[in-house]
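Me: Please take a close look at the part of this model where chain A touches chain B. I would like one connected account of it, beginning with the chain itself.

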Amino acid sequence: MNALDRDYPNKFIVLVMHRVESLTGKVGLPPGTLVHVGAKDGKSCRIKYMEFSPDYFNEIDGTSIADIPAETREGSVVWINVDGLQDVETIRSIGERFNIHQLLLEDVLNTYHRPKFDEFEDQVFMTLKMIGLSEDASSIVKEHVSIIHGDGWVISFQEMSGDLFEPLRQRLRDNVGIVRTRKAGYYFYRLADLIVDNYYYVTEHLDEQLDELEAEVTSDPDKEARISIQRIKSAVTDFRKSVFPLREAVFQSIRSEHDLMQEIADIYLKDLNDHLTYILETVDSQREQTANILDLYLSGISFKMNQVMQVLTIIATIFIPLTFIAGIYGMNFAYMPELQWKYGYFYVLGGMGLVLIGMIIYFRNKKWL
Amino acid sequence: MNALDRDYPNKFIVLVMHRVESLTGKVGLPPGTLVHVGAKDGKSCRIKYMEFSPDYFNEIDGTSIADIPAETREGSVVWINVDGLQDVETIRSIGERFNIHQLLLEDVLNTYHRPKFDEFEDQVFMTLKMIGLSEDASSIVKEHVSIIHGDGWVISFQEMSGDLFEPLRQRLRDNVGIVRTRKAGYYFYRLADLIVDNYYYVTEHLDEQLDELEAEVTSDPDKEARISIQRIKSAVTDFRKSVFPLREAVFQSIRSEHDLMQEIADIYLKDLNDHLTYILETVDSQREQTANILDLYLSGISFKMNQVMQVLTIIATIFIPLTFIAGIYGMNFAYMPELQWKYGYFYVLGGMGLVLIGMIIYFRNKKWL
Amino acid sequence: MNALDRDYPNKFIVLVMHRVESLTGKVGLPPGTLVHVGAKDGKSCRIKYMEFSPDYFNEIDGTSIADIPAETREGSVVWINVDGLQDVETIRSIGERFNIHQLLLEDVLNTYHRPKFDEFEDQVFMTLKMIGLSEDASSIVKEHVSIIHGDGWVISFQEMSGDLFEPLRQRLRDNVGIVRTRKAGYYFYRLADLIVDNYYYVTEHLDEQLDELEAEVTSDPDKEARISIQRIKSAVTDFRKSVFPLREAVFQSIRSEHDLMQEIADIYLKDLNDHLTYILETVDSQREQTANILDLYLSGISFKMNQVMQVLTIIATIFIPLTFIAGIYGMNFAYMPELQWKYGYFYVLGGMGLVLIGMIIYFRNKKWL
Amino acid sequence: MNALDRDYPNKFIVLVMHRVESLTGKVGLPPGTLVHVGAKDGKSCRIKYMEFSPDYFNEIDGTSIADIPAETREGSVVWINVDGLQDVETIRSIGERFNIHQLLLEDVLNTYHRPKFDEFEDQVFMTLKMIGLSEDASSIVKEHVSIIHGDGWVISFQEMSGDLFEPLRQRLRDNVGIVRTRKAGYYFYRLADLIVDNYYYVTEHLDEQLDELEAEVTSDPDKEARISIQRIKSAVTDFRKSVFPLREAVFQSIRSEHDLMQEIADIYLKDLNDHLTYILETVDSQREQTANILDLYLSGISFKMNQVMQVLTIIATIFIPLTFIAGIYGMNFAYMPELQWKYGYFYVLGGMGLVLIGMIIYFRNKKWL
Amino acid sequence: MNALDRDYPNKFIVLVMHRVESLTGKVGLPPGTLVHVGAKDGKSCRIKYMEFSPDYFNEIDGTSIADIPAETREGSVVWINVDGLQDVETIRSIGERFNIHQLLLEDVLNTYHRPKFDEFEDQVFMTLKMIGLSEDASSIVKEHVSIIHGDGWVISFQEMSGDLFEPLRQRLRDNVGIVRTRKAGYYFYRLADLIVDNYYYVTEHLDEQLDELEAEVTSDPDKEARISIQRIKSAVTDFRKSVFPLREAVFQSIRSEHDLMQEIADIYLKDLNDHLTYILETVDSQREQTANILDLYLSGISFKMNQVMQVLTIIATIFIPLTFIAGIYGMNFAYMPELQWKYGYFYVLGGMGLVLIGMIIYFRNKKWL
């Protein structure tokens, strides 16, 4: 392998998802009923068909099952990528063509389904979440991706079109290194690996936001910080919710004794598992960091309030008694002997000065000044 | 399966339950004593009897065991639904007719029983909770449902009458698709599935309430919010208390090697388990969200108090010293030289202005203004 | 079974326990030394001896081993109940008579021992806590109960005399139903069951107290509430401490393959386990509810303080500046031109009115009014 | 067994430990290097040698290996107790004499080692902590104790000299009951048991302190309470840190199939385990109680602050407006018509009275008075 | 072994690490691509080659694979230490020379990789973190270290050059004791042991900082404390993140049945595990201590605020009413009878004195004075 063996440019994939239909649209339907659950924007599917062997390469772009060749060459690998899950009929026809179980197709279409690994007689299946940021980078968005692997073929379903798999496609077109010599199972693993690799962007983005927020909260715990903390807390929790069951799924795939899983070297799956464990540990320390920032915020608020109170108390405690003394000699009684003293005024000013000094000593003792 | 294969309309089932008798009514009775524990409203049972095979269908509505045919046709499936658990005698007679174990009937009648799966020599049993909202949508209500499955028959007991199973009944009447060709075990699964599907409404309702509450608490953390948080926290906890043991029960049913469980395809039970896991994860993140909202509320209160204190401190700190100065020159001493100065008044006003400017600079430095 | 098959009236057992000797009285003694650890009030044991078979019944009340017949009839069951654990000699002699292991007797006498199940060559043993309320219903009291089951006999040791087992005794006297036909193992189970059933009273009592407290805290979080929360928290924790290890013990008894445990139908033990699981779940949600009430209390205090501060701030912020203005014109400078204006007074009053209106507008914007 | 069978008087063992050398003194040394880690006070070892069988008894006090007989009588048990771990050479020579593994001696000398059980080909080893109070009873002190059991002998190493084992020694001297007839394994168990029994003092002491603290915090949450809570929290945590791994070690000793462990009746080890479980549960509820006391403290502070604020607010809210009114009529305007009214003064006093009454009604409504 | 058997002086290793390249630089690369992830400072590798047997010793310092002898003597052990991971080509060539798996080299270069143990057909691998303090001792820095052990050789890769292994090197040069007679596996263990031993410095440093911080927070909870708490919390969490997976890795190495692991006496690995368990328990109690300090800080803030409020309230409550009285008699009404009384002034002063005494009695009752 050499430096050319890079799959795709390091740019960050931005996904935008609108939640237009909820999961309750599926409630009460008999098991196996195919209904698309999730964002709808009226677009049809986009199918990318690739068939290749070390010395053969065929790529077709289409929108329906009719665009795909009915036969494949002996020994070549087929990779079909389907962008968009709203055209239920096309997905059903692909399912029929490759003999995919109805309940499995249901999981493909249910964009709320949690990541899982499943194995059937002649197919293995993994569903996971592609994760990115919303356009204003303020929240996490998830795209539902399913990968099915049968004898000699891999089919990937993406909720939206994205260019995450493009670099692998380019490498296949360019026939870089040994990329076309692998069995279909390798690509099953590779697609999952590309998605998981992308998680690193999310963790780094969250890391940056957390560090920024921590700095902000340390210096000035204001009202916006309070809302930012909640927002980032949700994002971290949301992210974890996708990563945790995926690691479980990868665990299962490692333990799987299915023939099709034997095509994938164990060390690859363990590597994938290592990545997910690293990400999960990072997410968990981010959760902890968020909690710390909240503590920092609350203690900051408390501390600030304490300071405010001290200033108020110092001012009030000094001047209220002095004002009282002034008030005494502002009374209009006919007979108030001090008022007639020549230096009465100066005595009183002196007395006030003494009170002031006493107060200042008291506050110094209390360490308020 | 086609689009007609929908079991029932998506309307939300509202259950209303009054707790009139507590569990202590049963304390001290020997095991196996049949006593109805739960809401009493004087109504008798309502029995819906259905016997069907692909080419036969018989439906009977009744109120006692006498209304049910003593014999069933070879190869047909019998589904008996009992609404209402207060008529202990009728339930006992059904138990005797189908040879149901006394302790199992006790669980049917004990509406406080936690969800569980149990297997006997010739019967399997699942008890679970139908969950809805109270009429004013402010709390979760639960209905105790038990499903018993023996050779060729399924009996479901509902605490109250509801229309949750009606769509399945209609499909059986209409003989839609292959609905009548299944073995009895399928209906055992199907009834549990219908109840679990309904949980999605509850999670969505809670989601909406939480989002609303979060928005409210973010903008204005008032007194009502504080009580709403507690109310929704209880609802989420209460819901979880029903879902968690049910998943355990479904786990057990998957592991069960009972002959009667072999009638149900494993993939259905795993699907049910997937749904419950999804719901449980959702409930758990709702718990977390509730905790977040409480944090948000408390930090909101703290922040607001801080602001109030700042305003008070600024006003008091500015005017108390100024008032003191005014108080000084309000004293009635016979000899106060400044009082006689021509511009004494204006000097004092100027001094006050300087104090004011000093204060403002001080507060600007403190970032209080 | 019929309506007469009720074991005892539903009245609540009130236990009163005084802790007079602590566990350290036993420290350093060699294992197997019999010392009574717990409440002492100088009373001797009270022994209730019952021997019965379907057609034979003999009941003896005594205070020492001498009162018990040395021989028992073939095929009859013997149940000995010992009230009071302070007469160590009598208990030792019973132990010798029935060949009970010294370490086991030690557990009988150690009233601080946690619930456990143990099995010996020819005996099985369970110790558990009878739980009630103190006389003023403000705290949980526990009584240490041990039940030993050997071939053909059951011996129960109670720390204090109580009437919890009386209903079963009455049923045995009256020979109700099949009550005398059971093997000794059934009574071993039955006594444990009677004690566990009684736990429902405790959970209900706690439920009521929690609901009351929640209502109180919601409307008015006062000083008493704060102490009540702690008190009920302790009670719930204390209760849990007895229930949790008991469930463990019952688990062990279900898994036990001891011959003597085969006399008890598995379904009975599982039923007992179900009850304990229900109670434990209830206790756990009570713990959570207590935590919620504390949150509610604290947020209530915060909210109330916030309101108090607002009132103070509004009053102070309005009147302090106005008082300052009044102070200005209360100064006695010889030359203060405004004082001589004809309408000076009214101008100042007007100015004060404008300040007042400005303040009110400001507070309205802040939503403090 | 009779009343004379008590091992030692119930007085409380006070241990004092000074931490003079830290664990880092050992960093980087090759495994098996013997270095004493812990308190150093320049004292040499004190060796107590005992050899006994039912009809033979020999006791020797010494300070080095030379004082110990080179040969032991057939069938007798040898118990060597070493007080003080600073004389590394003596301990090494004992190790060589009894063929103790170097790494095991390292654990004997490392007073920071956590409790553990280990087994070697011909020896079993347990290290645990003797726990007492510091002289002013304000904190927990730990003494590192190791017990090694080989064929026919037991060696105990204590960090400091204490009289905890003295009662057993006295019983051996007096040949009480069957005390000299046991195998060496019994004494291995018995020494551990004596140490664990002593833990009851610690739990009771903590219980008393917690109850005192709770009472104090309930009535008056002052500054000292805040520091006491932290201090006791540390003590409980510290205690738990010794008990938890010890229970693990005892578990392992129960599961051990080592020949030497067969000399100890299983029931004794289970009894030891029961004690540790009881202590651990007690410690855990003490942790919880500490948390409760902290909550109580914080809510007490909050409540007190609330009351303080109410008093301030009531006083300020009543008198600030009244003072303002007085300020108005203290102004020196030339033309202020009210001042000339005959009853102006009384009108104003009446107006002030009305304001006062209005305020009081307002506070009554707010439940502040 | 004797006193000379010390591996290295006890000075503390200070590591400084700059994070210049993030983990995302690796995203999307095919598995097995070698990229250095971590700090870059343009330095090349430094290779320390050692070959030794009891009677042979050869040491070479080099910078590339060319400097290493191509052949090794029969029966000698080779230890290669590589400082610096930026020269990917050199590391690749070493990998090729010793037949190291590509994915394993990837883990060597990925300085963000979590500690793990892995075994291959003819190699075992452990990666762990060398941990030190940043130069200003304010934070934890980690250095990525990997140790690979094959037949007769050990290769260690360090992220930066450090002298942590130097003492072992010196002992090898000096041929101290039996140090050159061990098999290669011993050095695999020994290097890991040296790194783990160094952790004790970190725990002690944290201990000291925590004790200092606790003392500071107890006496004066100021603003800096609040930030110190967060900083130390992060350090503890960060440290734990390295230790926890390492213990897991050591566990795996103990369970490993790989031939190469048989070269290491089990007791050494268990000893290593004991150390890590001790460190982990210490870290966990440090986490707890940090939480306690935060509680202490917050309760300190609350308490201080309470005191501030009390002072303010006492002053304001005493003087505001008195000032009001003075204000009354400062009014300029034409007819105010008291003003003309001879002793009016003194009556008023007396009345004020009575009010003052009343206030003081009130505050004494409230325990505010």
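Reply: Two residues are in contact if their C-beta atoms, placed from the backbone, lie within 7 Å. With that cut-off, and bearing in mind that this is a predicted model, chain A can be described first. Among its contacts between residues at least 6 apart in sequence, 69% join residues at least 24 apart. Eight helices and seven strands make up the secondary structure of chain A, and 45% of its 369 residues count as buried.

The contact between the two chains draws 46 residues from chain A and 52 residues from chain B. On the side of chain A that touches chain B, the elements giving two or more residues are α5 (223-255), α6 (266-328), α7 (337-340) and α8 (344-365) of chain A. The most comes from α6(A), which gives 18 residues to this side. Sorted by class, the side of chain A that touches chain B holds 25 nonpolar, 13 polar and eight charged residues.

The arrangement of the two copies completes the picture. A turn of 72° with a shift of 0.0 Å along the axis lays chain A on chain B with an RMSD of 0.2 Å. The two copies are therefore related as by a five-fold rotation axis. Within chain A, Gly330(A) has the C-alpha nearest the axis, at 4.8 Å from it. The copies use different surfaces in their contact, since 20% of the contact residues of chain A recur in chain B.

Note on methods:
Residues are numbered from 1 along each chain as its sequence is written. Chains are lettered from A and ligands numbered from 1 in the order in which they are written. This is a predicted model: local features need pLDDT of at least 70, side-chain atom pairs count only at pLDDT 80 or more; totals for chains, interfaces and linings use all residues. Helices (H or I, at least four residues) and strands (E, at least two) are DSSP runs, numbered from the N terminus. Ala, Val, Leu, Ile, Met, Phe, Trp, Tyr, Cys and Pro count as nonpolar, Asp, Glu, Lys and Arg as charged, and the others, Gly among them, as polar. A residue is buried if 20 or more other C-beta atoms lie within 10 Å of its own, exposed if 12 or fewer, and partly exposed in between; C-beta atoms are placed from the backbone. Copies are superposed by least squares on the C-alpha atoms of residues with pLDDT of at least 70 in both.
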